[in-house]
Amino acid sequence: MSAPRVRETINNCVSRSQSDSYEDQQKALQTLASITRVSPQYRSLLAQTDGAISTLLGLSKSSSPIIRTLSLSILLNLSLNPDLKQSLASMETIYRLNWIIQSSSSQETVKLASSLICSLAMLDKNKARFGVAGTVQVLVKAVSAPSNPAGHHLLSSLAELVQFHGNSTLAVRAGAVSELIHLIGSTEAEDLAGTSLAVLNLLARFDEGMIALTKTDKIVSLMVDVLKGRSMFSKEGAADILLCLFEESEGCVRDASRLPEFSTLLADLSIRGSTKARERASQLMKKIMDANLDPYIDASSMIYQW
């Protein structure tokens, strides 16, 4: 299809999407979704069309689930073009995405809104803008909802945003550490626990997150419990957090050394784990040995010997 023909088709579809006819809207959006799914050039042409973005944002609040889904899908397609990420991340767009996550009853809509946040936040210049708009707090609150089908998408968006220090601080102050710890301890979905651990590791890079982690009750025991699980991704995340805790606190090293299963778990991980897991197991064992702690001797046993 020639460029003039494509431009004409796009203009026509944008115009029809503003129609009062539900059928016209749906057909127009389906066409736009189809052509923007595969072609970066068509995405650019649509983004340059007068009124296109504002129309799509308006339709994302439609009473029709299909219209909402299609409009968000098109915006997500547009965000795949690196040169469009900054212009798409207007405060109007961000506030609309926040609103969708907070108020939508459609999990498909929430998944698309979260994915769009994640895509736009991949441009570092956009990360602070999301922080200013309150998106971090919105995501932290959303992931705390029990059995949220969109949980993985929400966590992925949060993981992208907290790579910026300011957003990490906002997340910690919003209670992200305790919410993530709760998810890790309560969820039966291994991938959700693994992603939660990944976000915790990102938060632990900065002082606020590390302090919140070390203050968490039984944090070492929880991470050791994760090492007993089946997901290698989760085991890697737990081992990373244990290393951070050992660097920060000798008390955490002592807590781990007192757990009789810890050395066995590290030995198993060093043999049957992934390359990263084997490396982390070796580092953890070295930390225990360098600390010169005897896991079998505590105050009560010393009194008994006397």
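This is a guided tour of a predicted model, moving from the whole chain to selected helices and loops.

**The whole chain**

Begin with the full chain displayed as a cartoon, where 21 helices and zero strands are assigned. If you orient the view along the principal axes, the C-alpha atoms fill a box of roughly 90 × 35 × 30 Å. Colouring by accessibility would show that buried residues make up 50% of the 306 residues. Among the contacts in the chain with a separation of 6 or more, 69% are accounted for by residues 24 or more positions apart.

**Helices H5 and H8**

Next, select residues 65–78, which form helix H5, together with residues 107–121, which form helix H8; the two pack at an angle of about 15 degrees, with their axes 10 Å apart. Because an angle under 35 degrees counts as roughly parallel, H5 and H8 are described as roughly parallel to each other. The crossing in which H5 passes H8 is left-handed. To see the contact itself, show side chains for Arg68, Thr69, Leu72, Ser73, Leu75 and Leu76 on the H5 side, and for Glu108, Thr109, Leu112, Ser115, Leu116 and Ser119 on the H8 side. Sorted by class, the residues where H5 meets H8 comprise five nonpolar, five polar and two charged.

**The loop between H7 and H8**

Now step back along the chain to serine 104, which is placed in the loop between H7 and H8. A polar atom of the serine 104 side chain lies 3.1 Å from the backbone nitrogen of serine 106. Leaving aside residues up to four places away in sequence, serine 104 touches Trp99, Thr109 and Val110.

Serine 105 is also found in the loop between H7, which spans 91–103, and H8. Is serine 105 buried or exposed? With a relative accessible area of 71%, serine 105 is exposed. If you add proline 65 to the selection and draw a distance between the C-alpha atoms, the separation from serine 105 is 9.9 Å, although these residues are 40 residues apart along the chain.

**Helices H7 and H10**

Keep H7 in view and add residues 135–143, which form helix H10; the axes of H7 and H10 come within 10 Å and cross at roughly 15 degrees. That angle makes H7 roughly parallel to H10, and their crossing is left-handed. For a close view of the contact, display Ile94, Asn98, Ile101 and Gln102 of H7 alongside Thr135, Val138, Leu139 and Ala142 of H10. The residues of this contact between H7 and H10 divide into five nonpolar, three polar and no charged.

**Helix H11**

Continue to residues 151–161, helix H11, which is mostly covered, with eight of its 11 residues buried. The buried positions to highlight in H11 are Gly151, Leu154, Leu155, Ser157, Leu158, Ala159, Glu160 and Leu161.

**Lysine 218**

Finish at lysine 218, in the loop between helix H15, covering 207–214, and helix H16, covering 219–227. What is the relative accessible area of lysine 218? The value is 61%, and lysine 218 is therefore exposed, since exposed means over 50%. The backbone here also deserves a look: lysine 218 has a positive phi of about 60 degrees although it is not a glycine. Most residues other than glycine have a negative phi.

Methods: Residues are numbered from 1 along each chain as its sequence is written. This is a predicted model: local features need pLDDT of at least 70, side-chain atom pairs count only at pLDDT 80 or more; totals for chains, interfaces and linings use all residues. Side-chain values use heavy atoms; hydrogens and water are left out. Axes are lines fitted to C-alpha atoms, for helices over the stretch in contact, and angles run from 0 to 180 degrees between N-to-C directions. Helices (H or I, at least four residues) and strands (E, at least two) are DSSP runs, numbered from the N terminus. Angles under 35 degrees count as roughly parallel, over 145 as roughly antiparallel, 65 to 115 as roughly perpendicular and the rest as oblique. A crossing is left-handed if the near helix is turned anticlockwise from the far one by less than a right angle, and right-handed if clockwise. Contact means heavy atoms within 4.5 Å. Ala, Val, Leu, Ile, Met, Phe, Trp, Tyr, Cys and Pro count as nonpolar, Asp, Glu, Lys and Arg as charged, and the others, Gly among them, as polar. Buried means under 20% relative accessible area, exposed over 50%, partly exposed in between (1.4 Å probe, protein chains only). A polar contact is a pair of N or O atoms within 3.5 Å; within protein, one must be able to donate a hydrogen and the other to accept it, and residues adjacent in sequence count only if both atoms are side-chain atoms.
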